[in-house]
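I opened the notebook to record what I looked up in this structure, entry by entry. The sequence and the model come before my notes.

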Amino acid sequence: MAANDNSKRKKPNILITGTPGTGKTTTSSALADATQFRHINIGDLVKEKNLHDGWDDDLDCYVINEDLVCDELEDLMEGGGNIVDYHGCDFFPERWFDLVIVLQTENSVLYDRLHNRD
């Protein structure tokens, strides 16, 4: 485990991050299945629990309320055994994660993936 004060956790927490279309959700789901860890897709969580400040028509997405997201996750993260799937990492407390994985994809593959999304 990392040098953070994570001694209470019996299982690590992992953050999988990267730009849209890099395979975060696919990778996170497969890893969660293999490890029996909990997969937390932040986009889905925000929608399900209304952890947002409304819809941004220009960006075509919810405006995430970072404080609400962190409050929602605090107890889960303390317990460990989580794989968090989100495109950034800047608002999460560092102490939550033992490993951060940044996914990258070659631009032409990324373009095709994003272009084919609904």
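The entries below cover salt bridges, the nonpolar core, a surface patch and two distances.

**Entry 1, the model.** I note at the outset that this is a predicted model, and I read every value below as computed from it.

**Entry 2, salt bridges.** I first asked how many salt bridges a search of the whole structure finds. The search returns three, and I then went through them one by one.

I looked up Asp-98 and found its side chain in a salt bridge with that of Arg-9, at 2.8 Å from N to O. Asp-98 sits in the loop between β5 and β6, while Arg-9 belongs to the segment before β1 (13-17), so this pair ties together parts of the chain that are 89 residues apart in sequence. I checked whether the two partners are buried or exposed. Asp-98 has a relative accessibility of 16% and therefore counts as buried, since the cut-off for buried is under 20%. Arg-9 is buried too, with a relative accessible area of 9%.

I turned next to Lys-49, which forms a salt bridge with Glu-72, the closest N and O atoms being 3.5 Å apart. This pair links distant parts of the chain, because Lys-49 lies in helix α2 and Glu-72 in helix α3, 23 residues apart. For Lys-49 I read 44% relative accessibility, which makes this residue partly exposed, and Glu-72, at 33%, also counts as partly exposed.

The remaining entry on this topic is the salt bridge in which the side chains of Arg-95 and Glu-74 meet, at 3.1 Å from N to O. Here the link runs from the loop between β5 and β6, where Arg-95 is, to helix α3, where Glu-74 is, and the two are 21 residues apart.

**Entry 3, Arg-95 again.** I stayed with Arg-95, whose loop runs between β5 (82-85) and β6 (99-102). At 41% relative accessibility, Arg-95 counts as partly exposed. I also looked up its distance to Met-77, and the two C-alpha atoms are 9.3 Å apart in space, with these positions 18 residues apart in sequence numbering.

**Entry 4, the nonpolar core.** Which residues have the most contacts inside the largest nonpolar core? The core has 16 residues, and I listed Ile-42, Val-69, Leu-73, Val-84, Phe-92, Trp-96 and Phe-97 as those with the most contacts inside it. Helices α2 (42-49) and α3 each supply at least two residues of this core, and α3 gives the most, with four residues.

**Entry 5, a charged patch.** On the surface I found a patch of negative charge, where Glu-66, Asp-67, Asp-71 and Asp-90 gather. I followed up Glu-66, which lies in helix α3 (residues 66-79). Its relative accessibility is 39%, so Glu-66 counts as partly exposed.

**Entry 6, Thr-27.** My last look-up was Thr-27, which is found in helix α1 (residues 24-35). With a relative accessibility of 32%, Thr-27 counts as partly exposed. How far apart in space are Thr-27 and Asp-85? From C-alpha to C-alpha I read 9.0 Å, although the two are 58 residues apart in sequence.

Note on methods: Residues numbered from 1 in each chain as written. Predicted model: local features only at pLDDT ≥ 70, side-chain atom pairs only at ≥ 80, totals over all residues. Heavy atoms only, no water. Patch = residues over 30% accessible without salt bridge, like charges linked within 9 Å, V, L, I, M, F, W, Y side chains within 5 Å. Areas by Shrake-Rupley, 256 points an atom, 1.4 Å probe, with all protein chains shown as cover. Salt bridge = Lys/Arg side-chain N within 4 Å of Asp/Glu carboxyl O. Lys, Arg positive; Asp, Glu negative; His and termini not counted. Charge placed at Lys NZ, Arg CZ, Asp CG, Glu CD. Buried < 20%, exposed > 50% of the residue type's maximum accessible area, 1.4 Å probe, protein only. Core = buried A, V, L, I, M, F, W, Y, C linked by side-chain atoms within 4.5 Å.
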